[in-house]
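Let's take a stroll through this structure together. Have the 3D view open and follow along.

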Amino acid sequence: MKKIEPVNLIFAFLGGIVLLFILGPLLSMFFASSPQEIFETTKDVEVQNSIWLTLLTSMGATVVFSIFAIPLSYLLARKNFYFKKLIIGIIDIPVVIPHSAAGIAILGFISRDTVIGKTASYFGFNLIGHPISISIAMAFVSIPFLLNSARDGFSSVPVRLEKAALNLGASPIRVFFTISLPLAWRNIISGLIMMFARGMSEFGAVIIVAYHPMITPVLIYERFGAFGLKYARPVSIVFIGVCLIFFILLRLLSKERKNA
Amino acid sequence: MLEVKNISKKLDDFNIKDISFSVNKGDYFVILGVSGAGKSVILEIIAGLMQPNSGTIHLNNKNITNEKIQKRKVGLVFQDYAVFPHLSVKENLLYPLKNVGLEKEEIQNRMNELADEMSISHLLKRSPTTLSGGELQRVALARTLALNPECLLLDEPLSSLDIQLKNNLRGLLRKINRKGQTIIHVTHDYEDAIFLANKVAVINDGKIVQTGSPEEVFKNPKTKFVANFSGIKNFFKADIITEVNENLKKAVINNKVSVSLFTEAKTGTGFVIIKNKNIIISNIKPNISAMNNYQGVVVDVLPAKFGVEIIVDIGILISVLISAETLKKYDFFEDKKVWISFKASSAKFLHG
């Protein structure tokens with residue numbers, strides 16, 4: 001029999017504790033709720049609406065902001081320019097600041113007395129408490145995942161493939177869409193999934209810009225505050241289930257594309 | 001046709017300095033140099049992938065120094081082929097054709113024509129990730145030739161291929177050149193220059209040190225670097241005439257001198273290369289096992305970097321390298337009758 005190195009045993013033991021640390025609370029939550037409670041929660045219209053709102057606002061944020069983020073990632077991967085390192089630093093700011101502080105910053109940015117707020121008012125709606133502000137808050141905290149992943153993707157595309165395409169008569173924009181983007185696609189998809197997932201789970205920034213309409217993390221918080229742990233738990237379980245289903249589905253889709 | 005004038009380029013750890021040469025339509029121009037001599041940089045500058053710090057490039061009398069890459073009409077085949085891995089072979093071939101807005105039927109016809117010419121029709125549906133080096137090289141060549149470039153630039157196209165594939169591809173390159181395609185080919189392998197080039201430039205440390213026909217450059221090296229780098233003076237155009245057995249053949253050089261050598265080639269024209277350090281010279285006919293023995297006359301005795309070079313006329317001029325001690329002992333001098341010998345395995349036949 002192959003002898004197991006003692007050091008590997010120690011590392012496996014330490015790693016096992018980390019896994020237990022992640023899975024323990026989640027599993028205990030599942031076991032603390034009855035299937036009946038979970039089933040009833042899935043039929044709760046308020047829960048259903050909040051899940052749809054969470055999915056749509058996060059997806060909207062991901063799709064809209066990717067149009068701006070992907071070209072920026074390409075520039076950061078390919079070009080050298082002044083203040084590039086500063087820009088890379090700025091991109092990571094949302095990851096390191098408290099999300100409630102991010103929410104306060106966004107609130108100041110979109111409130112009625114700002115240019116953006118006034119423009120929205122001109123078109124007849126108030127951004128505060130609007131699904132758009134939820135999307136903005138979600139995008140603010142989750143966009144670094146897309147930017148960094150897409151930048152890694154573009155960096156991994158060999159420059160000479162782009163040069164070869166130019167030499168074969170392609171315009172720079174055609175090179176971007178036919179060579180750079182498809183070859184960086186795996187990382188970009190990964191970044192999109194991470195941005196979408198991170199956006200869905202956002203609570204701190206969203207609760208400040210829009211308590212209502214309620215996304216699911218806010219609903220969980222409200223049920224916990226108003227009714228206690230017993231009522232917050234089934235909503236959490238259902239929402240985690242939805243998140244996992246989307247996460248696995250998107251991963252599978254991106255894998256299929258890779259194998260295609 | 002293509003004129004490169006005084007090109008210089010400063011890179012982080014390397015410079016090319018004052019590079020000038022001209023290539024005529026239909027030329028096969030080989031730039032020969034060791035790795036890191038600046039060969040690939042020259043190609044990238046001609047293709048527009050890199051801008052020179054100074055100097056100009058004219059193609060058909062038009063200054064293309066600052067022309068956009070996609071408008072230059074020069075096609076570059078990269079050393080590692082740069083075939084797009086996410087596209088099939090067919091899509092790779094279609095890529096340049098779609099860039100120029102041809103009719104659908106015209107695109108299809110041109111693609112089929114290229115695939116036939118490069119013998120890759122059977123690979124069209126394959127992914128480049130499943131192809132061998134030789135197959136990738138053919139795909140890269142076909143793709144680059146799709147737009148009929150005025151000048152085809154090849155960056156070490158044979159360096160990572162085995163001998164059999166190398167010979168096949170050399171033949172293919174010569175065929176492409178004979179159809180009138182102007183080619184600039186950079187390599188570290190003097191055999192490519194001997195076999196393919198009608199014009200050679202030797203580059204060392206970012207500078208061109210000698211330009212001329214292969215004969216001029218290799219047989220009359222102007223600098224020690226060229227002499228040492230090539231080390232080859234005995235190369236001759238030859239025809240295979242007799243098959244002694246499956247591998248042992250007789251080749252005739254200039255219809256004068258017959259040489260026994262080992263080659264898989266059955267018939268045809270190629271080049272015979274005999275390294276001068278592998279030739280034995282003696283005053284009397286040697287009683288040894290070498291299959292190639294010739295009587296000749298010494299026409300020159302020259303000092304070389306290591307020892308002495310003796311030029312012997314046996315109907316063709318053969319260079320022999322010996323030590324100063326051997327010269328002293330056997331006393332070879334001009335007009336002296338001598339014998340030279342070399343083994344069949346010491347003569348190499350290049351064919352395509």
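## A helix, a patch and a sheet

Leu27(A) is part of helix H1 of chain A, which covers residues 6-32. Keep in mind that you're looking at a predicted model. Is Leu27(A) buried or exposed? Neither, really: its relative accessibility is 42%, so Leu27(A) counts as partly exposed. Leu27(A) also belongs to a nonpolar patch on the surface, together with Val18(A), Leu19(A), Phe21(A), Ile22(A), Leu23(A), Leu26(A), Phe30(A) and Phe31(A). Taken together, the patch has about 930 Å² of accessible area.

Now hop over to chain B, where Asn177(B) sits in helix H5 (residues 163-178). Here's how the two residues look side by side:

| Residue | Helix | Relative accessible area | Class |
|---|---|---|---|
| Leu27(A) | H1 (residues 6-32) | 42% | partly exposed |
| Asn177(B) | H5 (residues 163-178) | 13% | buried |

What does Asn177(B) touch, once neighbours within four places in sequence are left aside? Its contacts are Gly26(B), Asp27(B), Tyr28(B) and Ile183(B).

Chain B also has an open sheet of 5 strands, with antiparallel pairing and the order E13-E12-E11-E14-E20. Strands E13 (257-262) and E20 (347-350) of chain B stand at the edges with a single partner strand each, so one side of each has no neighbour in the sheet. On average, neighbouring strands of this sheet are turned by 45° against each other, ignoring direction.

What holds strands together in a sheet? They pair through backbone hydrogen bonds, either parallel or antiparallel. In chain B, strand E14 (residues 268-274) runs antiparallel to E20(B), and 4 bridges join them. Zoom in on Ile273(B) and you'll find its bridge partner in E20(B), Lys348(B).

Technical notes: Residues are numbered from 1 along each chain as its sequence is written. Chains are lettered from A and ligands numbered from 1 in the order in which they are written. This is a predicted model: local features need pLDDT of at least 70, side-chain atom pairs count only at pLDDT 80 or more; totals for chains, interfaces and linings use all residues. Side-chain values use heavy atoms; hydrogens and water are left out. Two strands pair if DSSP finds at least two bridges between them. Helices (H or I, at least four residues) and strands (E, at least two) are DSSP runs, numbered from the N terminus. Axes are lines fitted to C-alpha atoms, for helices over the stretch in contact, and angles run from 0 to 180 degrees between N-to-C directions. Patches are made of residues with over 30% relative accessible area and no salt bridge: like charges are joined within 9 Å, nonpolar side chains (Val, Leu, Ile, Met, Phe, Trp, Tyr) within 5 Å. Accessible areas come from the Shrake-Rupley method with a 1.4 Å probe; for residues, only the protein chains shown count as cover. A salt bridge is a side-chain nitrogen of Lys or Arg within 4 Å of a carboxyl oxygen of Asp or Glu. Buried means under 20% relative accessible area, exposed over 50%, partly exposed in between (1.4 Å probe, protein chains only). Contact means heavy atoms within 4.5 Å.
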